[in-house]
Structures are given as structure tokens and as C-alpha cells.
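Got the viewer open and the cartoon showing? Let's walk through this one stop at a time, with something to select at each.

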Amino acid sequence: MSDLQQILREEYEKNLKEIMDPNSLMELIAEAMDFPFQPLDEEATPEGTFNFDPQQLLLRMIPDIAVSEIGWSDVRSVEDETGQSETVSGPQRKLLEDYLTNIAGGSFEERIASLSSFYEQGSEMLQEGTNDRIQLITNAISYLVFYKTLTKIVTNFNAASAGFSFESFLATLVSGRQIEANTGTIADYIDNSTGKEVPVSLKLYKEGQLEVGGSYTDLVNDLIDPNKWPGSPNKMRYVVCTKDLEGDGLKQEGAINFYQWDFTLENVMDILVITKDSSSKNIMLPQQVVSALLAGQQSGADVKLPERSPLPTPEDLEKVFVDHLKTNLEEIEYIENADEVGDEIANTLKWAKNDDLFNKNKTRGSGGLDSRYVWRWVVSSGLSSEKSILLQVKDAIMNANLSVMASQTATALKDARNKEIKRMHAAGEFLNPEESAREYKKLGPGQKALALQNTLGVIQAGHFALNNTESLMPDAPVNAEHLGAIKVGTKYVAQALDQVRDILNEEVYEIFESLKILSDSLNSFFANGLKDDTLAQTSINNAENIQTKEILQPDE
């Protein structure tokens, strides 16, 4: 307390007759403790108390974190002094991490369950977790930060922008990282909450409008290579979220339901065989491949495979899309660096993986873009505030996709391939989806991987899709697990706050009680010419009590 004592002594020497009120005293303490000061309400109150609104004070205690997909995805690899590579989070990512690491649970499932239960059992949950008073406050504030930030994501942004920010938010919650676009995977981010990297594909839709889908080729490639995801070999996890909200804009209230299930090398055919015809046909196997594998063949060298498709993958086509996009952006006078802006748009628009971007036909190279979705995305992108410029950016995106479609339509090789596939169908050389799924079960893991590489969906670069009912099926083959519901809206943030009000009030009340005693003791001590040492010691003791409330001090 030497700094505080020195400041008080200097203040007294300036004006011995000045009797300090609570606000001036807080200014002195703030100076000594390097803590921002906000004046108290000076309105007269009952004797021996201060007039402050605990509810308003506690609401102000919930930090307001800026929503930033780019900032939250800022995870870099740098070399330390020994030349070893280490992962470092950018400032916005680090700030969010510091709060979310206090959410209880060792896995994503456990954390969502904890957040879901907090509304009704928050006080009990916190007190069961620790007896440390400072940690209690830290944990309480961390839950409130989560709810407040999630509410901002959902209510302050349109569906397109909210989806991107939501992805970054969840990646931070699981100590993971987002996956860059055009990297040959259907995954959006890595879940590292348990120390093992699990690839995750995230879907966020309105209740009843859910569709889980994507590039069948990318899904197959994710499943067949056991070394692609060492932490979770031959598996792709889906986190499926449905929004059940009422109201518009900032007044939206409701809940987000969280579900989770896995595509694996074992269940992929069982799941896709129950989907609509345009999706289930992806798993159709050539009869010659099945016959050879069932005869005991184990490798591609021993199996006579049909000619592979000349069609590029969605990632290959995305490169074509980005090239056309950059060329189109060069025509916009406002854009100074078309290459840089084009890459930025590509990384957030996610042409190869973002199914919402497309109309009913979502196959890359033949599907058209949803003009309304593109416009909403452009408006929320922050590229410009001028409508004329945003319209030009929208046209650049739409026309880049048209150029990709034109390049594929004009490929004579595509016609030759389609003719060959039609011939194979007519000749009965493909098993139907049900037969393919049945024969697939008879194969070993290595044979399954080989079979998937030769399914019709890979040959044709197809697109798979599960509807709302299929995506949430609680039984086999999907086995979707409902992890919990997290409420969204200012009303529910207040409800969460009510759960920990007593814990926070107790700590805040003790601080202000000590402040009141400190003020009274100092006033009496100064008014009596510094003669009563017991009053001085009382002031010091209460100042120390205030100082030890570390939760109110900023990080150094």
C-alpha cells in the first residue's frame, strides 16, 4: 500500500481542510491501482450507504467484445528463441480465449451442456466448481461474456455474416483454428478441446430449414486417408445448429440448438443411401469394382478401375472462380489491389464449401449463385459504404461464377464422360444405391476406401445433401446427439446474470462497504489533524481489502 499512502499524504499536504467524498477517494484509489474510475451517484442515500444500482453496475462489468471473424481466426505460427515453432493468438483472439477457457468442460459436448444448464443452475454450478472467490467471479463473468457475445453475433448481423462469425466463435471455444478455403476438405475448423484434432463441418440454419451437404469428392477424400486427420482418422464431424428465434434485428430472442454426429468410413453409405435420389446416387458402385474387391483384391493395381473423371474438384474450380473474380475486380475503380481483395473475398465467401451461396443446384461448375444471398453478403462485407460500388462487387462475384459454368459447359470432354456414364448405366454396370450400400458392408477398411474412390459421386464430382429430418435423426445411421440449447437475446443474458447476481453482489458490496469505511476513516483522520492512529490503520486495512479484489483490476 505504499503507493496509496504516498498519494494520500500528498493530497493531505495540498489541502489539510479538504474532506474527501467517495468520488474523490475513488479517484485516488484508481490512480494508485491503475484502474479506470467511474463516478458514483452522489444522490443522498440512507445513512451509512452509497446510492448505486448493483444491476447496472454488474451489467457494465460484462465486457463488450467486438465481433470479428478475422480477429478471432488470427492464429499464427512463430519461432521462439530456440528456433522452435509455437502457436500465438492475435490480440482479439487472445482476448476471447481468455474468457472462453473458463467455460466448464473438457470437450465441445461438455461445454455446450454446461452453457445450456447455466441459465437454471449457474450459481450452483460455479460454487461446486471452486471455493476460490476470485475464480468464482472470473468464471461468472466468462459465462456472461459468452452469452452477450453470442447474442451480438446473431442479432447484429445478417444470416451470411452471422454464420462466418459464429464459425470463428466456436473455433475459439474449442481451442481450435479455422481452415482456409480451397484446401481440399469439407471441414470448416479444427476442434482441439480434448488435445486431439477433430475436423468439423459446421451448419447453422433456421429451425426446420436445415440442409447438410457439400462436395461428395471432398467428403470421400476426408474419410479415406487415415493420415489426413491423425487425431480422428477416417472421420468427419458435423456440428449442426438450428436457430429458433422470434423478432427482428437487435430484438431477436430464442435459442440455438446444438447437434453433433460423425461421418465415418463405416457409416457413410448407410447415411447417404437414405437421402434423396440426386444425393444417394453418389454412392453407386461399378459392378466390376465390387466383384474384384469381393474376390479378394486389395489394391488399385489389382483392380481394373473405370476411367477417372476429367472433371476438376470443387477446389480446382474455386481457383478458376478466384481468377475470374480478380479480373472482374480490376474493372472497379474503387478497388486498388484486386488480387488482395479477391483473396479476402474468397477466404470469407468460401465458394467451394458454402452451399448457401448457391441456388437449388449446388454442384460447382453447373450451379448458379443465389443473387439475394450474394447481395446480403456484399453489404455486410465492409468493402465499402457506397451502394454503387457494392453493386459492382456483387456483379463481379456473380459473373465470376458464370465464367466457371461456361468453362465447364464448353468442355467437350464433359460430354464424352457423360456418354460413357450413360452407357454404363444402360449396360447395368452400376449397382443401385441400396445394392452398393449392401455390398460395401462386406469390405474391409482398405477396400472400403478404394470402393469410395470409384463411386459415381467421385466420377461425376457430385454433391450430397441431407434434409432437415435426416440431419437430426437421433437413431442409426445418423445418430445425431442433441448437445443442448443456448438461449439468445438480452432477456436471456439478464437471466444468466440473475443466476450469479448473489455471488457478484456479495463481492461488489464488500468492495463498496470497505470503500465507505475507508472514506469515513480518512475524513475523520484528516479532520482531527492526523492524531488518531487507529483511524489511519482502519483506512489502510480497508484499502488493502479493496486492492485484493483482483477481478476488478485490469491485466498488466
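## Start at a strand pair

Select N257 and then A485, its bridge partner in β10. Keep in mind throughout that this is a predicted model. The two residues sit in a longer pairing: β8 and β10 run antiparallel and are joined by seven bridges.

Now colour the whole of β8, residues 253–264. Ten of the twelve residues in β8 are buried, which leaves this strand mostly covered.

## Walk across the sheet

Zoom out until you can see the sheet that these strands belong to. What is the order of its strands? Reading across, you get β3-β4-β5-β7-β8-β10, six strands in an open sheet with mixed pairing. The edges are β3 (177–178) and β10 (481–488), each of which pairs on one side only.

From β8, step over to β7 (235–246). These two strands are antiparallel, with twelve bridges between them. To see one opposed pair, select V239 and Q260, the latter in β8. Then follow the chain around the turn: β7 and β8 make a hairpin with six residues between them, and G247 in that turn has a positive phi of about 95°.

Next stop is β5 (198–206). The sense is parallel here, with β5 and β7 pairing over seven bridges. Click K206 and you'll find K243 of β7 standing opposite. Is β5 buried or exposed? Eight of its nine residues are buried, so β5 is largely enclosed by the rest of the structure.

Keep going to β4, residues 189–191. β4 pairs with β5 in the antiparallel sense over three bridges, and D191 has V198 in β5 as its bridge partner. This is a hairpin too, again with six residues between the strands; select G195 in the turn, where phi is positive at about 90°.

Finish the walk at β3. Two bridges hold the antiparallel pairing of β3 and β4, and R177 stands opposite I190 in β4.

## Look into a pocket

Keep β5 and β7 coloured and add α8 (159–173), β6 (212–215) and α15 (371–380). These five elements each give two or more residues to the lining of the second largest pocket, which has a volume of about 790 Å³. Show sticks for L204, Y205, N354, D356 and Y373: of the 30 lining residues, these are the closest to the pocket's centre.

Try colouring the lining by residue class. You should get eleven nonpolar residues, six polar and 13 charged.

## Find the enclosed space

Switch on a cavity display if your viewer has one. Rolling a probe the size of a water molecule over the atoms shows where empty space is left. Across the whole structure, a search turns up three cavities of 30 Å³ or more. Head for the largest cavity, at about 80 Å³.

To light up its lining, select G214, S215, P312, P314, L317, K362, T363, R364, A461, G462 and H463. β6 and α13 (314–329) each supply at least two of the residues lining this cavity. Coloured by class, the lining shows four nonpolar, five polar and two charged residues.

## Into the nonpolar cores

In soluble globular proteins, nonpolar side chains tend to be buried together. Where does that show up here? Select Y147, F166 and F258, the residues with the most contacts inside the largest nonpolar core, which has 51 residues. Then colour helix α7, residues 133–156: this helix gives the most to the core, with twelve residues.

Stay on Y147 and show its neighbours. Leaving aside residues up to four places away in sequence, Y147 touches L115, F118, Y119, I486, V493 and A496.

There is also a second, separate core, with 44 residues. Select I179, L223, Y238 and L450, which are among its members.

## Pull back for the whole chain

Last view: everything at once. The protein chain has 24 helices and ten strands, and 49% of its 556 residues are buried. Turn on contacts, counting those with a separation of 6 or more: 70% of them are between residues 24 or more positions apart.

Definitions and conventions. Residues numbered from 1 in each chain as written. Heavy atoms only, no water. 1 Å grid on protein atoms, 1.4 Å probe; cavity = no way out; pocket = protein on both sides within 12 Å on 5 of 7 lines; lining within 4 Å. Points joined across faces, edges and corners; volume = space filled by probe spheres on them. Helix = DSSP H or I, 4+ residues; strand = E, 2+ residues; numbered from the N terminus. Nonpolar A, V, L, I, M, F, W, Y, C, P; charged D, E, K, R; others polar. Core = buried A, V, L, I, M, F, W, Y, C linked by side-chain atoms within 4.5 Å. Buried < 20%, exposed > 50% of the residue type's maximum accessible area, 1.4 Å probe, protein only. Contact = heavy atoms within 4.5 Å. Pairing = 2+ DSSP bridges.
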